[in-house]
Amino acid sequence: MTGMNCLVTGATGYIGGRLVPELLAAGHRVRCLARSPEKLRDHPWAGQAEIVRGDATDPQSVAEALDGIEVAYYLVHALGGGSGFEERDRAAARIFAEQAHSAGVRRIVYLGGLTPAGIPVRELSPHLRSRAEVGEILLAGPVPATVLRAAVIIGSGSASFEMLRYLTERLPVMVTPSWVGTRCQPIAVRDVLRYLVGSATMAPEVNQAFDIGGPDVVTYEEMMRRYAAVAELPHRLILRVPMLTPGLSSHWIGLVTPVPRALARPLAESLRHEVVCAEHDIARHVPDPPGAPVGFDQALSLALRRVREAEVTTRWSSASVPGAPSDPLPTDPDWAGGSLYTDRREMAVEASPGALWRVVEGIGGENGWYSFPLAWSVRGWLDRLVGGVGIRRGRRDATRLRVGDALDFWRVEEIEPGRLLRLRAEMRLPGLAWLEMYADPCPEPGRARYRQRALFHPHGLLGHVYWWSVSPFHAVVFGGMARNIARAAERPAASDAPASAAAPAAGVPHDNRPAQPDPERDP
């Protein structure tokens with residue numbers, strides 16, 4: 001069968017970013033709708049997909065994106081999206097269904113949440129209730145729809161996996177909420193992707209919701225114990241405390257894991273009720289090959305291998321954080337008349353530009369920020385206390401960055417390999433902030449010049465007060481950062497490697513084509 005024209009919304013997110021190469025590998029043509037197309041620029045598959053700018057809440061941009069499309073994947077939802085997210089989800093789903101009908105789309109495919117049997121809708125968590133409502137809107141629309149309903153998705157970089165991993169690895173003794181005794185049916189991300197791709201070719205008369213899950217039905221407590229076994233950790237002692245509400249649980253998760261409270265709460269709330277598949281009808285339309293669905297232990301093992309080998313293609317933090325600033329770096333004349341504070345540092349480096357660039361691109365995560373670690377940690381903790389993302393999101397890859405990557409409490413806004421890294425702050429601030437780092441060549445061979453610029457655009461009086469209150473520490477934080485980056489570049493280990501641009505990540509061919517899937521790896 002010839003390939004189909006597919007639209008993927010949410011391609012900057014965890015599932016969408018993995019679905020696109022799977023659709024391409026299946027012979028389909030792919031168009032991605034994104035509010036910030038530049039975030040997709042550095043993905044290995046970007047040259048093979050059409051990327052258009054638009055917003056799921058804007059009928060005009062949705063209509064333009066759906067023009068000529070046969071199968072539309074709706075992977076947009078407001079997990080952690082603040083007040084009013086239910087109405088936004090509802091409105092966006094209706095716009096999508098109406099515009100898909102007008103464009104002659106043959107099928108809509110939606111990934112939602114598995115809802116507990118026998119629980120009134122009004123008793124569900126707001127996020128689970130909203131996702132169920134979106135599925136109902138699409139099924140009631142004029143275009144045939146496939147609604148896949150999953151519980152916990154296990155894959156390298158997924159929010160559910162990261163929450164499970166950090167809780168189990170960091171806490172040998174755990175005081176846990178009562179919901180750790182609730183049963184659920186986790187599913188491997190590779191099975192989710194297989195069902196999503198297979199849904200494109202369903203018969204026209206199919207307009208149905210399907211429960212999708214793996215072969216194991218387990219409690220969250222059992223999931224933690226089995227993770228410890230697969231990861232070869234000592235036995236974990238788990239003590240249940242019934243008074244821990246989902247709200248308190250989200251604070252507990254936020255303290256121990258990189259998952260911020262705004263995202264942890266809906267994850268915790270979704271585990272209050274038993275979520276087990278009531279049917280496996282999806283197999284009639286997308287048959288399971290031998291060895292599928294993947295078992296829980298194998299899914300964990302595949303995900304852990306990806307993490308340990310630094311081959312995580314997308315993470316939960318790939319999507320933008322609700323409430324975080326999204327404006328690009330301001331340039332004149334847009335900000336004429338406004339305040340823009342800057343802190344500039346510059347110094348000569350006795351190393352090649354390539355050696356300097358490797359240090360710049362490797363910043364953050366386990367590598368740290370090259371100055372006053374306590375100050376960065378305190379700033380991260382303060383951000384978590386006020387509901388921000390904190391500094392523990394880490395990085396997707398230990399040595400390479402791409403536009404759109406989360407980097408602790410920053411996000412990569414621009415990267416010019418070998419020259420410029422621009423980060424936009426996503427911590428809670430009374431304004432907008434950026435950090436730029438340059439690796440410039442010098443006329444003399446083997447030398448470089450490091451330039452660093454921090455920018456802050458204050459919002460109101462509080463923003464100005466904030467800048468002047470922290471500016472006395474800039475000499476220590478930003479000055480020390482510049483000096484230590486230069487010293488790191490001058491070390492023999494940094495200068496030994498060739499000064500040319502870094503090689504492609506493992507598994508990504510030099511011609512920028514997506515690597516062929518390895519059946520022994522988590523996609």
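Colleague: Why is L385 called exposed?

Modeller: This is a predicted model. In it, L385 has a relative accessibility of 59%. Exposed means over 50%, so L385 counts as exposed. L385 sits in helix α13.

Colleague: What makes the nonpolar surface patch?

Modeller: F372, L374, V378, L382, L385, V386 and V476 make it, with about 650 Å². Patch residues need over 30% relative accessible area, and L385 has 59%. Helix α13 (residues 373-385) gives the most, with 4 residues.

Colleague: Why is Y370 called partly exposed?

Modeller: The relative accessible area of Y370 is 23%. Buried means under 20% and exposed over 50%, with partly exposed in between, so Y370 is partly exposed. Y370 lies in the loop between α12 and α13. Y370 also has a positive phi of about 65°, although it is not a glycine.

Colleague: What makes a positive phi worth a remark?

Modeller: Most residues other than glycine have a negative phi. E232 is not a glycine, yet its phi is positive, about 60°. E232 is in the loop between α7 (220-230) and β13 (237-241). At 72% relative accessibility, E232 counts as exposed.

Colleague: How do you know that β16 and β17 pair?

Modeller: Pairing takes at least two bridges. Strand β16 (residues 410-416) and strand β17 (residues 420-425) have 6, in the antiparallel sense. E414 has R422 in β17 as its bridge partner.

Colleague: Why do β14 and β15 stand at the edges of the sheet?

Modeller: The open sheet of 6 strands runs β14-β19-β18-β17-β16-β15. β14 (341-349) and β15 (406-407) each have a single partner strand, so one side of each is left without a neighbour in the sheet.

Notes
Residues numbered from 1 in each chain as written. Predicted model: local features only at pLDDT ≥ 70, side-chain atom pairs only at ≥ 80, totals over all residues. Heavy atoms only, no water. Helix = DSSP H or I, 4+ residues; strand = E, 2+ residues; numbered from the N terminus. Patch = residues over 30% accessible without salt bridge, like charges linked within 9 Å, V, L, I, M, F, W, Y side chains within 5 Å. Areas by Shrake-Rupley, 256 points an atom, 1.4 Å probe, with all protein chains shown as cover. Salt bridge = Lys/Arg side-chain N within 4 Å of Asp/Glu carboxyl O. Buried < 20%, exposed > 50% of the residue type's maximum accessible area, 1.4 Å probe, protein only.
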